[in-house]
Amino acid sequence: MLLIQEQIKTALKARNAVLVAHYYVDAKLQILAEATGGIVSDSLEMARFGQNSHADLIIVAGVKFMGETAKILSPEKTVLVLDNNATCSLDEDCPIETFSKFCDQHPDRTVVVYANTSAQVKARADWVVTSGSALNVVNHLKANGKKILWAPDKHLGNYVKNETGADMLLWQGACVVHERFKAKALIQLQNKYPKAATLVHPESPQEVVDLADVVGSTTVLINAVKNRKEQTFIIATDNGIFHKMHEVAPNKKLIEAPTMGIGADCESCAHCEWMAMNTLENCLSTLQTGNNEIFIKTNIRKKAKNAIQKLLDFTA
């Protein structure tokens, strides 16, 4: 196994490439990204890192929309994903034709879309947000009298709507991983570990969010494990995040929040099947062949960049 990692390191150097990896992919890829001068982060920060690097080639270990975001910010660079079929249920739940018609039906609303969307959907939006920035952006828009059309995640949208009190019309998409978390089973787990803190990503259903000690983005949840005094944590997000959590807090106990009912094959099956398609083998293959390149039409890319740039300027 060491051989393939050394081959990837050699290929990255030879092609002046940088590997950027999401928190949810295989730990081996996360380790390799950081060992070779890349980054492990959320989708927007992955794209920004690639943009600011001196690399000519960005290798994205994640899902396809993450590769598109990298290409939007770095049109002059070549962007490759490890598997063209690695997609996202939120992206799939929001096809551009249907979404565009929905937007046309509500021209009085400011269109705010989550980063987990296609380049085309981003191009149709006024703003692109992340889970970490959504509350601040929506509060800003509300303060300016804006009514909002939100897509695609209904659970994150509902959380933002409840927290801000903004007038929000929600598209009805959902993450296949986060939607599976079960409140009733989580309560039983909390009773079993009464001293544990419960950390929940806001893509989870409201009844699960209501049970959380901390609600937030991947970065917020990682920092909670690192900085909070509790020694045990129940985590309601993709279990790929456990690698980074163990890295920042090696002595703390991490427990997966339940996604399945009694008698199921696993108590928690919280891992994205598309993230799991990212492997060392297809990383090496992609570097060697140049397959899985991301292409975006210029007009789409420019419009999507405008929506992302609003967020970058707002959070600067």
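**Close-up 1. Helices α3 and α4 pack obliquely in this predicted model.** Let's start with helix α3 (residues 43-52) and helix α4 (residues 64-73), whose axes lie 8 Å apart at an angle of about 40°. That angle falls outside the ranges for roughly parallel (under 35 degrees) and roughly perpendicular (65 to 115), and α3 and α4 are therefore oblique to each other. The crossing of α3 past α4 is right-handed.

**Close-up 2. Side by side: the residues where α3 meets α4.** On the α3 side, look for S43, L44, M46, A47, R48 and Q51. Their partners on α4 are F65, M66, T69, A70 and L73. Sorted by class, the contact of α3 with α4 comprises 7 nonpolar, 3 polar and 1 charged residues.

**Close-up 3. Helices α8 and α9 cross at roughly 55°.** Here helix α8 (residues 134-143) meets helix α9 (residues 154-164), and their axes come within 10 Å. With that crossing angle, α8 is oblique to α9. As α8 passes α9, the crossing is right-handed.

**Close-up 4. A closer look at the contact between α8 and α9.** From α8 come A134, L135, V138, N139 and K142. Facing them from α9 are Y159, V160, E163 and T164. By class, this contact of α8 with α9 has 5 nonpolar, 2 polar and 2 charged residues.

**Close-up 5. F99 and W171 form one of the 3 aromatic pairs in the structure.** The ring centres of F99 and W171 are 5.5 Å apart and the planes stand at 85°, so this is an edge-to-face pair. It is a link between distant parts of the chain: F99 sits in helix α6 (residues 96-104), while W171 belongs to the loop between β8 (168-170) and α10 (183-192), 72 residues apart. F99 has 0% relative accessibility and so counts as buried. W171, with a relative accessible area of 12%, is buried as well.

**Close-up 6. W171 also pairs with F102.** The rings of F102 and W171 have centres 5.3 Å apart and planes at 65°; the cut-off for edge-to-face is over 60 degrees, so this pair is edge-to-face. F102 lies in helix α6 and W171 in the loop between β8 and α10, so the pair ties together parts that are 69 residues apart in sequence. Both F102 and W171 are buried.

**Close-up 7. Three rings, one cluster.** To finish, bring F99, F102 and W171 into a single view: ring pairs link these residues into a cluster.

Conventions:
Residues are numbered from 1 along each chain as its sequence is written. This is a predicted model: local features need pLDDT of at least 70, side-chain atom pairs count only at pLDDT 80 or more; totals for chains, interfaces and linings use all residues. Side-chain values use heavy atoms; hydrogens and water are left out. Rings of Phe, Tyr and Trp (its six-membered ring) pair if their centres lie within 6.5 Å; planes under 30 degrees apart count as stacked, over 60 as edge-to-face and the rest as tilted. Helices (H or I, at least four residues) and strands (E, at least two) are DSSP runs, numbered from the N terminus. Buried means under 20% relative accessible area, exposed over 50%, partly exposed in between (1.4 Å probe, protein chains only). Axes are lines fitted to C-alpha atoms, for helices over the stretch in contact, and angles run from 0 to 180 degrees between N-to-C directions. Angles under 35 degrees count as roughly parallel, over 145 as roughly antiparallel, 65 to 115 as roughly perpendicular and the rest as oblique. A crossing is left-handed if the near helix is turned anticlockwise from the far one by less than a right angle, and right-handed if clockwise. Contact means heavy atoms within 4.5 Å. Ala, Val, Leu, Ile, Met, Phe, Trp, Tyr, Cys and Pro count as nonpolar, Asp, Glu, Lys and Arg as charged, and the others, Gly among them, as polar.
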